[in-house]
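Work through the exercises below with the coordinates open, and try each task before reading its solution.

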Amino acid sequence: MREIYFDGIVGPTHHFGGHSPGNRASISHAGMPSNPKGAALQGLEKMKRVMELGGVQAVLPPHDRPSYSHLQALGFHTPEEVPDDLFFAVSSASPMWRANSALATPSCDSSDGRVHLSVANLLTHFHRSLESEETFSLFKQIFSNSEHFVLHPPLFFGGNFGDEGAANHLRVKGHHLFFYGHSIFEPSFFSRQALEASQAIARNHLLDTQKTHFVRQNPDLIEKGVFHSDLIAFAAGEHFFYHEKAFQDLDLPGYKVTEEVLPLKKALATYFFNSQLLKLPGDEYVLLAPRECQTLSLDWLPMPIEYVDLDESMRNGGGPACLRLPLLLTDEEIQALPQSLFLTPPLYNALKSWIEAHYRDHIVLSDLKDPHLLFEAHEALDELTEILALGSIYPFQKN
Ligand code: SUG
């Protein structure tokens, strides 16, 4: 079996909207000018590095933003009628953080022998809740082979039944750790993941209950900005690393990183635990860490580290692991996916030229209402669907 990383391509409207209370980076960078071209190139360079290291890398297209279909559903007809905050929210490029798109479990762990994927509802933040419908429809196309894949729709949208996908889940030595922040019967203002949502996913994915664990996130840390558990723990293959303050009642052995080795404050400021641990052929491991971690002493780590520059995404609270949806697949399952989505040197070159031709390198919030930006974004996405051989996936392509 191989680990596959599906990274989201950063969309042309990438900006700093301050849309995510509870996410400190998002709030502290609100209103700053952004560089969508730089952001998309940084994401692409990370994918290229994974490919060069021997990882299986695939791409997922951005969503259609600003989303006029959502504005129409809200009764608006022209951009001028829409309050700024609402317009900026429907313009968010947040689908780039594909760790929040869904949660996938491998076929070897399900009693029906198939890969299960549950699309996340992302209900706690308005701009993110807009993603699930489009993700579900895209995934229906990508994971259409029902001999190998079972796609579950997003869970209920009400009653604090929040689910944020792979960002609150790890697979460690065949065991599944589902991290949650609250129960729907005791909602918390800050927590994004409900216990009941995680339990429903484990049941729907037909996992072995003996190998399924529901672990509560430390509520103090959620208030300190650990809005997903992938900001405080990571795993791949045999390895599992977590900060000693991360969880309550963890009953699975792993590498506990103590406060002495890495103080929580530094771990959060550098996003160390959002590093992407790659499991490569021949049981080699490489940790892709945000470049902010270069200031840390990490000689206790048993694997080599490489640093990646993802500053644009990081300013919105998204590091290396946030940008990718991980899947563990057999060769046959990999063959059952659209091959046009897998990164190769020619696809890398095509995406690079495409970004350079279509993206702006400077956006302030007021630019989002510029009708030219919408036009540019549509032109770009239209061309992208050709590059990725996806057909007409966007609402504007069907008009
Ligand atoms: O949901 N930021 C995202 C970051 C997602 C990080 N993902 C993982 N940890 N896996 C969020 O808070 C900010 C957008 C803005 O403010 O413009 C934002 O949505």
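**Exercise 1. Count the enclosed cavities of 30 Å³ or more, and describe the lining of each.**

Solution. The count comes to two cavities of 30 Å³ or more, where a cavity is a set of points on a 1 Å grid over the protein atoms alone at which a 1.4 Å probe fits but cannot get out, and lining residues have an atom within 4 Å of a point. The volume is the space filled by probe spheres set on the points, which are joined across faces, edges and corners. The model is a predicted one, in which local features need pLDDT of at least 70 and side-chain atom pairs count only at pLDDT 80 or more, while totals for chains, interfaces and linings use all residues. Residues are numbered from 1 along each chain as its sequence is written, and side-chain values use heavy atoms, with hydrogens and water left out.

Take the largest cavity, which holds about 180 Å³ of space. Of its 23 lining residues, the closest to the centre are Ser20, Asn23, Trp97, His127 and Asn316. The lining divides into five nonpolar, 16 polar and two charged residues, with Ala, Val, Leu, Ile, Met, Phe, Trp, Tyr, Cys and Pro counted as nonpolar, Asp, Glu, Lys and Arg as charged, and the others, Gly among them, as polar.

Turn next to the second largest cavity, with about 40 Å³ of space. Its lining residues include Val10, Gln42, Met96 and Glu312, and helix 2 gives the most, with three residues; helices here are DSSP runs (H or I, at least four residues) and strands are runs of E (at least two), numbered from the N terminus.

**Exercise 2. Which residue forms a salt bridge with Lys245, and which parts of the chain does the pair tie together?**

Solution. The partner of Lys245 is Glu259, the closest N and O atoms being 3.7 Å apart; a salt bridge requires a side-chain nitrogen of Lys or Arg within 4 Å of a carboxyl oxygen of Asp or Glu. Lys245 lies in the loop between strand 10 and strand 11, and Glu259 in the loop between strand 12 and helix 9, so the pair ties together parts that are 14 residues apart in sequence. Lys245 is partly exposed at 37% relative accessible area, and Glu259 is partly exposed at 27% (buried means under 20%, exposed over 50%, partly exposed in between, with a 1.4 Å probe and protein chains only).

How values were computed. 1 Å grid on protein atoms, 1.4 Å probe; cavity = no way out; pocket = protein on both sides within 12 Å on 5 of 7 lines; lining within 4 Å.
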